[in-house]
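The following exercises are to be worked through with the sequence and the model side by side. Each task is followed by a solution in steps.

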Amino acid sequence: MKRVWNFSAGPAVLPVEVLQKAADEMLNYENSGMSVMEMSHRSKVFEKIIKDAEKDLRKLMNIPENYKVLFLQGGGHLQFSMVPINLMKNKVADYIITGEWAVKAYKEAKKYLKANILASSEDKNFTYIPKLDNLAIDPDSDYVYICQNNTIYGTRFTELPNTLGKDLVSDMSSNILSEPVDVSKFALIFAGAQKNIGPAGTTIVIIREDLLRDDLPDFCPTMLGYKIHADKESMYNTPPTYGIYICGLVFKHLLENGGVEAMYEKNLAKAKILYDYLDNSKLFKGTVVKKDRSLMNVTFVTDSEDINNRFVKEATEAGFVNLKGHRSVGGMRASIYNAMPIEGVKALVEFMAEFERKILA
Ligand SMILES: *Cc1c(COP(=O)(O)O)cnc(C)c1O
């Protein structure tokens, strides 16, 4: 069976071993006589699946005991609302604007509280991460918000902002489990699963326990309170069971392959191959300030829109798919998440070099 090299920004490539295991278990999960998809979420079998998934994620990220892990739904977008609704006390929050996802989170927060823009890189189409020292943190701020890896623009925070002790919230949708993070530096981390973990539809929230509260605003729908999900161990209603199962398989796969440290080494190596090539190419160039380059989403262009289009077309025909850049950046984007093998990146660079020789001949 022929599989393509899939550079999609999300939903994205998954480890082939995980897909194969899911296929093997599709009709009869561990002698239950049924698929995980057909199982009660209250069954013993599923209870073990979700408990194991949580345990393995805790191990992978070294999540401290005073943090809850929630498996929710609604994607990154619903977190843009849940974060302000659940965390507001003084009704002030500070946002660092590094791309479209941060803008969307900021706009959503403005519906509920006074959202300040602490720093922004919009002036240069989000091609860099703003300076993070001397930020004018509002003394009343309930939290500081960042989007740690900017999927569309290809930038990444390599250090965290000095929040002057304020709680830090991070959207890690596209970098979770790709590099080690010290969870204790964050009040809340969230990630849609479909970039680096599993199927779209599952959303992971890691939240410090003291932020769980009963005194939510009256308008807050029951489903949007973190505490009820924490109290019911992500089983307040039917959770996205099959998605959680696949996430669990991915966690086990990561643990069997050296965990996040090993992924990080591999991701550094993969990104280096691509960026080194871009820095030496006479046709292609990266779009982002070097020190802020993402390890997950590599954005690049040529000087000509026609050549960009031709490249994407020919690459697709050669089995390198989903390389077209997001419409707000143009050009190309190669997303090289955990599950993209180094061979895929090497093959892409070979294809690019060949294309370059042909164009410049
Ligand atoms: C994809 C993405 C989102 C949006 O996720 P949905 O699950 O589609 O709501 C938010 N933030 C980041 C960083 C993303 O990459």
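**Exercise 1. Locate Asn-62 and describe its backbone and its exposure.**

Solution. Step 1: Asn-62 belongs to the loop that runs between α2 (44-61) and β2 (67-72). Step 2: its phi angle is positive, about 55 degrees, although Asn-62 is not a glycine. Step 3: the cut-off for an exposed residue is a relative accessible area over 50%. Asn-62 has 65% relative accessibility, so Asn-62 counts as exposed. All of these values are computed from a predicted model.

**Exercise 2. Carry out the corresponding analysis for Leu-164.**

Solution. Step 1: Leu-164 is found in the loop between β7 (155-156) and β8 (168-171). Step 2: phi of Leu-164 is near 50 degrees, a positive value in a residue other than glycine. Step 3: with a relative accessible area of 59%, Leu-164 is exposed.

**Exercise 3. Find the loop that holds Pro-11 and describe the peptide bond between Gly-10 and Pro-11.**

Solution. Step 1: the loop in question lies between β1 (5-6) and α1 (16-24), and Pro-11 is found there. Step 2: the bond joining Gly-10 and Pro-11 is a cis peptide bond, with omega at about -15 degrees.

**Exercise 4. Describe the overall build of the chain, beginning with its helices and strands.**

Solution. Step 1: the chain contains nine helices and 14 strands. Step 2: its radius of gyration is 21 Å, and the globule rule gives 21 Å for 361 residues; the chain is therefore as compact as a globular protein of that length. Step 3: the C-alpha trace spans about 65 × 60 × 30 Å along its principal axes. Step 4: of the 361 residues, 57% count as buried. Step 5: the chain exposes about 16,100 Å², and carbon and sulfur atoms supply 51% of this area. Step 6: among contacts with a separation of 6 or more, 69% are due to residues 24 or more positions apart. Step 7: the chain has 45 positive and 46 negative charges, whose mean positions are 2 Å apart.

**Exercise 5. Identify the residues of the largest nonpolar core that touch the most other members, and examine the surroundings of Tyr-245.**

Solution. Step 1: the largest nonpolar core has 52 residues, of which Met-61, Leu-177, Tyr-245 and Phe-251 touch the most other members. Step 2: helix α6 (residues 241-256) contributes the largest share of this core, nine residues. Step 3: a second, separate core has 37 residues, including Leu-70, Leu-87, Val-103 and Tyr-226. Step 4: once neighbours within four places in sequence are left aside, Tyr-245 is in contact with Lys-21, Ala-22, Glu-25, Tyr-29, Val-36 and Ile-49.

**Exercise 6. Is Val-18 buried or exposed, and which residues does Val-18 contact?**

Solution. Step 1: Val-18 is found in helix α1. Step 2: a residue counts as buried under 20% relative accessible area. Val-18 has 3% relative accessibility and therefore counts as buried. Step 3: leaving aside neighbours within four places in sequence, Val-18 is in contact with Ile-246, Leu-249, Val-250 and His-253. Step 4: Val-18 and Gly-198 are 180 residues apart along the chain, and their C-alpha atoms are separated by 9.7 Å.

**Exercise 7. Describe the setting of Thr-98 and then that of Met-172.**

Solution. Step 1: Thr-98 lies in the loop between β3 (92-97) and α4 (100-109). Step 2: its relative accessibility is 0%, so Thr-98 counts as buried. Step 3: not counting residues up to four places away in sequence, Thr-98 touches several residues, among them Ser-121, Phe-126, Cys-147 and Tyr-153. Step 4: Met-172 is placed in the loop between β8 and β9 (188-192). Step 5: with a relative accessible area of 1%, Met-172 is buried. Step 6: Gln-148 is 24 residues from Met-172 in sequence, with 5.7 Å between the C-alpha atoms of the two. Step 7: beyond neighbours within four places in sequence, the contacts of Met-172 include Gln-148, Val-181 and Phe-186.

**Exercise 8. Relate the position of Pro-341 in sequence to that of Trp-5 in space.**

Solution. Step 1: Pro-341 is found in the loop between β14 (332-335) and α9 (342-360). Step 2: Pro-341 and Trp-5 are 336 residues apart in sequence, yet 9.1 Å apart in space, C-alpha to C-alpha. Step 3: leaving aside neighbours within four places in sequence, Pro-341 is in contact with Trp-5 and Lys-270. Step 4: Pro-341 has a relative accessible area of 27% and is partly exposed.

Note on methods. Residues are numbered from 1 along each chain as its sequence is written. This is a predicted model: local features need pLDDT of at least 70, side-chain atom pairs count only at pLDDT 80 or more; totals for chains, interfaces and linings use all residues. Side-chain values use heavy atoms; hydrogens and water are left out. Helices (H or I, at least four residues) and strands (E, at least two) are DSSP runs, numbered from the N terminus. The radius of gyration is taken over C-alpha atoms; the globule rule is 2.2 Å times the number of residues to the power 0.38. Buried means under 20% relative accessible area, exposed over 50%, partly exposed in between (1.4 Å probe, protein chains only). Contact means heavy atoms within 4.5 Å. Accessible areas come from the Shrake-Rupley method with a 1.4 Å probe; for residues, only the protein chains shown count as cover. Lys and Arg count as positive and Asp and Glu as negative; His and the chain ends are not counted. The place of a charge is taken as NZ of Lys, CZ of Arg, CG of Asp or CD of Glu. A nonpolar core is a set of buried Ala, Val, Leu, Ile, Met, Phe, Trp, Tyr and Cys residues joined through side-chain atoms within 4.5 Å.
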